[in-house]
Amino acid sequence: VKDNVINEHMREVRLYNGDQYIADRIRAPLEQALRNAWDHDKYVMLLSHSMGTFVSYDVLWRFSHRNEPEYKKYRKYAVDLLVTMGSPMGDASLREFMLVDRWQDRVNETSETELKRYFPANIRQWHNYSAYGDVVCHDSTLEDDFFKSMRSNIGGYKQDDLKDYTKLYNPYQTTRQKPNPHKSYGYLIQPKLSQKIREFFK
């Protein structure tokens with residue numbers, strides 16, 4: 001089941017990566033929402049789910065590193081909290097495709113400057129949530145894939161700024177009473193996430 005789910009996501013990632021017209025249309029609403037918020041000096045919390053976590057990561061990477069004026073203008077801004085729910089980004093095949101195939105000119109470069117370019121530099125806090133039975137995020141943690149390297153190569157993070165919340169119970173059920181532990185509604189009512197959102201709005 002896990003392999004079938006990830007293969008389906010890989011098809012979506014390949015389409016996203018290979019057809020720039022489609023990718024631009026997918027990114028555009030989030031990019032514009034971030035510009036609008038930053039133009040008005042707003043605090044930003046970005047909630048993302050499933051493949052939306054990859055799109056959010058890609059958008060933030062572009063604002064961090066692309067030199068076109070529509071991105072570079074916002075280089076000094078950051079997302080105050082990125083939330084990823086049910087993210088497939090811990091899967092090795094998807095992660096390697098995302099990081100290696102897309103930016104393969106930097107694969108063998110290990111300088112500190114180049115390592116920083118693997119990651120968005122505009123995330124103040126990133127909390128990742130994964131639930132029991134959610135095969136999309138079968139690798140339930142991002143600590144070893146992203147957080148550890150971000151602390152080392154970007155710096156300025158406290159331990160809890162980049163954090164995994166695992167072994168959660170997603171209570172969502174379909175109209176036929178079948179469980180769907182990947183559903184976003186079940187993630188959004190998690191007490192740990194609810195508390196974090198409450199803290200953000202204080």
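Visitor: How many helices and strands make up the secondary structure of the protein chain?
Guide: This is a predicted model, in which local features need pLDDT of at least 70, side-chain atom pairs count only at pLDDT 80 or more, and totals for chains, interfaces and linings use all residues. Residues are numbered from 1 along each chain as its sequence is written, and side-chain values use heavy atoms, with hydrogens and water left out. Helices (H or I, at least four residues) and strands (E, at least two) are DSSP runs, numbered from the N terminus. Read along the sequence, the pattern is α-α-β-α-α-β-α-α-β-α-β-α-α, and the total is 9 helices and 4 strands.

Visitor: What share of the 202 residues in the protein chain is buried?
Guide: Buried means under 20% relative accessible area, exposed over 50%, and partly exposed in between (1.4 Å probe, protein chains only). Of the 202 residues in the protein chain, the buried share is 47%.

Visitor: In what order do the strands stand in the sheet?
Guide: Two strands pair if DSSP finds at least two bridges between them. Here 4 strands form an open sheet with parallel pairing, in the order 1-2-3-4.

Visitor: Which strands stand at the edges?
Guide: The sheet is open, with the order 1-2-3-4. Each edge strand has a single partner, so one side of it is left without a neighbour in the sheet; the two are strand 1 (45-49) and strand 4.

Visitor: Which residue in strand 4 is the bridge partner of Y129?
Guide: Strand 3 and strand 4 pair in the parallel sense over 5 bridges. In strand 4, the bridge partner of Y129 is Y165.

Visitor: What angle does the direction of helix 7 make with that of strand 4?
Guide: Axes are lines fitted to C-alpha atoms, for helices over the stretch in contact, and angles run from 0 to 180 degrees between N-to-C directions; contact means heavy atoms within 4.5 Å. Helix 3 lies across strand 1, strand 2 and strand 3, running at about 140° to strand 1. Helix 7 (residues 143-153) packs on the sheet and touches strand 3 and strand 4, its angle with strand 4 being about 160°.

Visitor: How many salt bridges does the count come to?
Guide: Side chains of opposite charge can pair when their charged atoms come close. A salt bridge is a side-chain nitrogen of Lys or Arg within 4 Å of a carboxyl oxygen of Asp or Glu. By this rule the count is 9.

Visitor: Which residue meets D58 in a salt bridge?
Guide: D58 is buried, at 2% relative accessibility. Its partner lies 4 residues away, about one turn, in helix 3 (residues 51-65). D58 also belongs to a network of salt bridges that links D24, R27, E31, R35, D58 and R62. With N to O at 3.8 Å, the side chain that meets D58 is that of R62.

Visitor: How many residues apart in sequence are the parts that D80 and R124 tie together?
Guide: D80 and R124 form a salt bridge whose closest N and O atoms are 2.8 Å apart. D80 lies in the loop between helix 4 (69-72) and strand 2 (81-85) and R124 in the loop between helix 6 (112-116) and strand 3 (126-131), so the pair joins parts whose separation in sequence is 44 residues.

Visitor: Is K196, the partner of E199 in a salt bridge, buried or exposed?
Guide: The closest N and O atoms of E199 and K196 are 3.8 Å apart. The two are 3 residues apart in helix 9 (residues 191-200), about one helical turn. E199 is partly exposed at 39% relative accessibility. At 15%, K196 counts as buried.

Visitor: Which residue in the loop between strand 4 and helix 8 has a positive phi of about 65°?
Guide: K167, which is not a glycine, has a positive phi of about 55°, but K167 lies in strand 4. In the loop, the exposed residue with a relative accessible area of 54% is Q177. At about 65°, the positive phi belongs to Q177.

Visitor: Which residues is P179 in contact with, leaving aside its neighbours within four places in sequence?
Guide: P179 sits in the loop between strand 4 (162-168) and helix 8 (184-188) and is exposed at 62% relative accessibility. G133 is 46 residues from P179 in sequence and 9.4 Å away in space, C-alpha to C-alpha. With those neighbours left aside, the contacts of P179 are Y172 and Q173.
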